[in-house]
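Student: Please choose one part of this model, look at it closely with me, and then follow its surroundings outward into the rest of the chain. I am new to this, so please explain each term when you use it.

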Amino acid sequence: MLDFHIDEEKCIQCGECAADCPNDIITMDNGFPQTLREKEDRCISCQHCFAVCPTGALSIFGLDPENSIELDTGLPSYDQLATLMKGRRSVRHYLDEELDKEVIHELIETVSNGPTGVNNRQLLFTVVEDQQTMETLRHRTIEAIRLKEQEQGLPEGLEFFSGIVAAADRGGDIIYRGAPHLLLVSSPANGPSPEPDCLIGLSYFELLAASRGLGTVWNGLAKWALTKIVPELLAELKVPEDHTIGYMMSFGKPAVKYFRTVQRGGARINRVLL
């Protein structure tokens with residue numbers, strides 16, 4: 001049941017909810033919006049109807065419009081968002097200090113609002129929240145790679161991880177960069193677009209973290225290590241076997257401060273005229 005309800009005193013019968021419904025589930029045939037029973041199973045729970053109602057007259061799934069954030073206030077300007085995107089840096093030096101768990105929770109809760117294919121919303125955010133667990137993961141990763149090299153050899157193209165193990169023996173942390181936290185985003189492999197969904201989620205996380213002065217790095221070394229060399233560790237992280245791993249991201253308070261944007265030069269643009 002969609003629990004679709006219209007406050008007729010607030011409804012101005014503008015029809016925006018019906019016009020914006022992706023699957024034409026809402027009709028205005030009787031003046032006020034109502035759902036077509038035979039189409040309700042097509043609902044993808046996008047809540048477009050809920051968000052587009054100018055007077056807050058529409059409720060679906062029992063949601064109260066009063067509990068939503070109004071979009072006519074609080075949005076960053078174009079220049080502010082552009083500066084954030086241009087000023088974002090990949091951070092590979094972190095303070096030895098973990099973030100408050102509530103901060104991490106707020107970040108993930110917010111980025112979970114990102115788009116997913118057919119609004120399936122099946123992203124799983126696997127996060128290391130404390131430094132002790134992160135230190136354990138560092139140790140187990142290195143020891144598992146060492147054992148794999150000794151018993152089977154490293155996968156073709158990833159032989160350079162032997163040098164990473166040697167660096168770890170000298171106290172270096174090339175894989176996780178000394179970050180206090182790790183975020184891994186996955187989604188069921190049988191979904192409509194599992195890998196893009198994960199990458200969108202991490203992109204949102206990166207920018208939102210930057211807005212709070214936090215550092216992130218897209219961690220390809222961790223992804224290679226945990227998916228190509230020692231995937232058995234994913235079970236210890238409780239990542240479901242039937243999930244596609246989108247990517248991994250190390251994050252925390254940066255131990256480096258950047259004072260200006262870089263200058264990349266022009267974008268490569270392919271302008272199409274038909």
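Tutor: What follows begins with one helix, moves to its surroundings, and ends with a few other places in the chain.

This is a predicted model, so local features need pLDDT of at least 70 and side-chain atom pairs count only at pLDDT 80 or more, while totals for chains, interfaces and linings use all residues. Residues are numbered from 1 along each chain as its sequence is written, and side-chain values use heavy atoms, with hydrogens and water left out.

The part to look at is helix α8, residues 220-229, which is largely enclosed by the rest of the structure because seven of its 10 residues are buried. Helices are DSSP runs of H or I with at least four residues, strands are runs of E with at least two, and both are numbered from the N terminus. Buried means under 20% relative accessible area, exposed means over 50%, and partly exposed lies in between, judged with a 1.4 Å probe and protein chains only. The buried residues of α8 are Gly220, Leu221, Ala222, Lys223, Ala225, Leu226 and Ile229. The cover over them includes helices α5, α6 (161-169) and α9, together with strands β7 (215-218) and β8 (243-252).

Ala225, which sits in α8, shows this burial at the level of one residue, since its relative accessible area is 0%. Setting aside residues up to four places away in sequence, Ala225 touches Thr141, Ile145, Phe161, Ile175, Val230 and Pro231, where contact means heavy atoms within 4.5 Å. One of these partners, Ile175, is 50 residues from Ala225 in sequence, yet their C-alpha atoms are 8.2 Å apart in space.

Two of the elements that cover α8, namely α5 and α9, are also linked to each other by salt bridges. A salt bridge here is a side-chain nitrogen of Lys or Arg within 4 Å of a carboxyl oxygen of Asp or Glu. Glu236 and Arg140 form such a bridge, with an N to O distance of 2.4 Å. Because Glu236 belongs to helix α9 (residues 232-236) and Arg140 to helix α5 (residues 131-151), the pair ties together parts that are 96 residues apart in sequence. Both ends are partly exposed, for Glu236 has a relative accessible area of 46% and Arg140 one of 43%. Glu232 and Lys148 form another bridge, at 3.9 Å from N to O, and this pair also links distant parts of the chain, with Glu232 in α9 and Lys148 in α5, 84 residues apart. In this bridge Glu232 is partly exposed at 42%, whereas Lys148 is buried at 15%. There is also a network in which salt bridges that share partners join Glu135, Arg138 and Asp173.

Counted by this rule, the model has 11 salt bridges. Another of them pairs Glu206 with Arg88, whose closest N and O atoms are 3.1 Å apart. Since Glu206 lies in helix α7 (residues 194-211) and Arg88 in the loop between α3 and α4 (101-111), this bridge ties together parts 118 residues apart in sequence. Glu206 itself counts as buried, with 8% relative accessibility.

Two other buried residues can be read in the way we read Ala225. Ser187, in strand β6 (residues 181-188), is buried with a relative accessible area of 2%, and its contacts beyond four places in sequence include Asn120, Leu123, Cys198 and His243. Cys17, in helix α1, is buried at 7%; leaving aside its neighbours within four places in sequence, Cys17 is in contact with Ile26, Pro33, Cys49, Val52 and Leu58.

Finally, two loops hold a backbone detail worth checking on the structure. Most residues other than glycine have a negative phi. Gln13, however, has a positive phi of about 55 degrees although it is not a glycine, and it lies in the loop between β1 (5-6) and α1 (16-20). Asn119, which is likewise not a glycine, has a positive phi of about 50 degrees and lies in the loop between α4 and β5 (124-128).
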